[in-house]
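User: I would like to go through this structure term by term, asking at each point why a label applies. Could you begin with how its elements are named?

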Amino acid sequence: MKKVVFFVCLSILSANIILVPDNYATIQLAINNASNNDTVLVNQGTFVENIIINDISISVISLNGPNNTIIDGNNNGSVINVQSENNNVLIRGFTIKNGVGELLDGSSRYGGGILSCNTALTLDSLIVINNESFAGGGVCFYEMESSTTHSIVKNCIIEDNSASEGGGIFVINQSLDIMNSLINSNGMVPYGSGGGIQALVANLNITDVSIQNNHSRFGGG
């Protein structure tokens, strides 16, 4: 037991806290220079970036909350693109806007605001707004095959995002918990399906969530 406790303490002590913009001017530079299990703390401001998180367990957290800390994708791909297979990623306290997704099958864009592939991703206290793509206008959780990956959305506002499939959230081939969140005014008419949420081959658990004013040809909510 003493050896286990020592190992856990050593792992915590080895993790770093990286400050933006104090240590690095952009969130992407901070992530690029981070090690496994580090935390990136972001001060208030607007960051025009398209952030990529690959092959690392990391927490990216704002210091002043989503109303004061904005990541603007500038209509150039997903605002945040997470591809960290077998890793855990936390994103907390940002407004995510103006993303248009990434090409995954050569012709269609996925994850306008946030695209998560093969990653256990936790989204906490985000405002995901004014993003668009073919699938997952706000957020897309994507796996090629059925998996045990388990992601979480909590304390989030996902609204005014546009997609043919899953205007607010699109999830395929994994488990997703959505808790204490608002999914409002997402989708696309007169086409598509799942204006608020579309789940395919997925385990979906929804608790204390308001799903309202979403629209699509099939399954507005």
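Analyst: Helices (H or I, at least four residues) and strands (E, at least two) are DSSP runs, numbered from the N terminus. This is a predicted model, in which local features need pLDDT of at least 70 and side-chain atom pairs count only at pLDDT 80 or more, while totals for chains, interfaces and linings use all residues. Residues are numbered from 1 along each chain as its sequence is written, and side-chain values use heavy atoms, with hydrogens and water left out. On this basis the chain has 2 helices and 23 strands.

User: What makes the chain as compact as a globular protein of its length?

Analyst: The radius of gyration, taken over C-alpha atoms, is set against the globule rule, which is 2.2 Å times the number of residues to the power 0.38. For 221 residues that rule gives 17 Å, and the chain's own value is 17 Å, so the chain is as compact as a globular protein of that length. Along its principal axes, the C-alpha trace spans about 60 × 40 × 35 Å.

User: How do you know that L204 is partly exposed, and in which strand does L204 lie?

Analyst: Buried means under 20% relative accessible area, exposed means over 50%, and partly exposed is in between (1.4 Å probe, protein chains only). L204 has a relative accessible area of 31%, so L204 counts as partly exposed, and its place is in strand β23 (residues 203-212). M179, in strand β21 (residues 175-184), is also partly exposed because its relative accessibility is 29%. For the chain as a whole, buried residues make up 52% of the 221 residues.

User: What makes L204, I206 and I211 a patch?

Analyst: Patches are made of residues with over 30% relative accessible area and no salt bridge, with nonpolar side chains (Val, Leu, Ile, Met, Phe, Trp, Tyr) joined within 5 Å and like charges within 9 Å. L204, I206 and I211 form such a nonpolar patch on the surface, and together have about 210 Å² of accessible area, a figure that comes from the Shrake-Rupley method with a 1.4 Å probe and, for residues, only the protein chains shown as cover.

User: Why is the meeting of R92 and D124 called a salt bridge?

Analyst: The term requires a side-chain nitrogen of Lys or Arg within 4 Å of a carboxyl oxygen of Asp or Glu. The side chains of R92 and D124 meet at 3.0 Å, N to O, which satisfies that limit. R92 lies in strand β8 and D124 in strand β13, so the pair ties together parts that are 32 residues apart in sequence. D124 is buried because its relative accessible area is 7%, whereas R92, at 30%, counts as partly exposed. A search of the whole structure finds 1 salt bridge.

User: How do you know that β13 pairs with β8 and with β17?

Analyst: Two strands pair if DSSP finds at least two bridges between them. Strands β8 (residues 88-92) and β13 run parallel and are joined by 5 bridges, with I91 opposite L123. Strands β13 and β17 (residues 150-154) also run parallel, joined by 3 bridges, and T122 has I152 as its bridge partner. Both counts therefore meet the requirement. Strand β13 (residues 120-124) is mostly covered, with 4 of its 5 residues buried.

User: Which residues does M179 contact beyond its sequence neighbours?

Analyst: Contact means heavy atoms within 4.5 Å. Leaving aside neighbours within four places in sequence, M179 is in contact with I152, V153, K154, N155, T207, D208 and V209.
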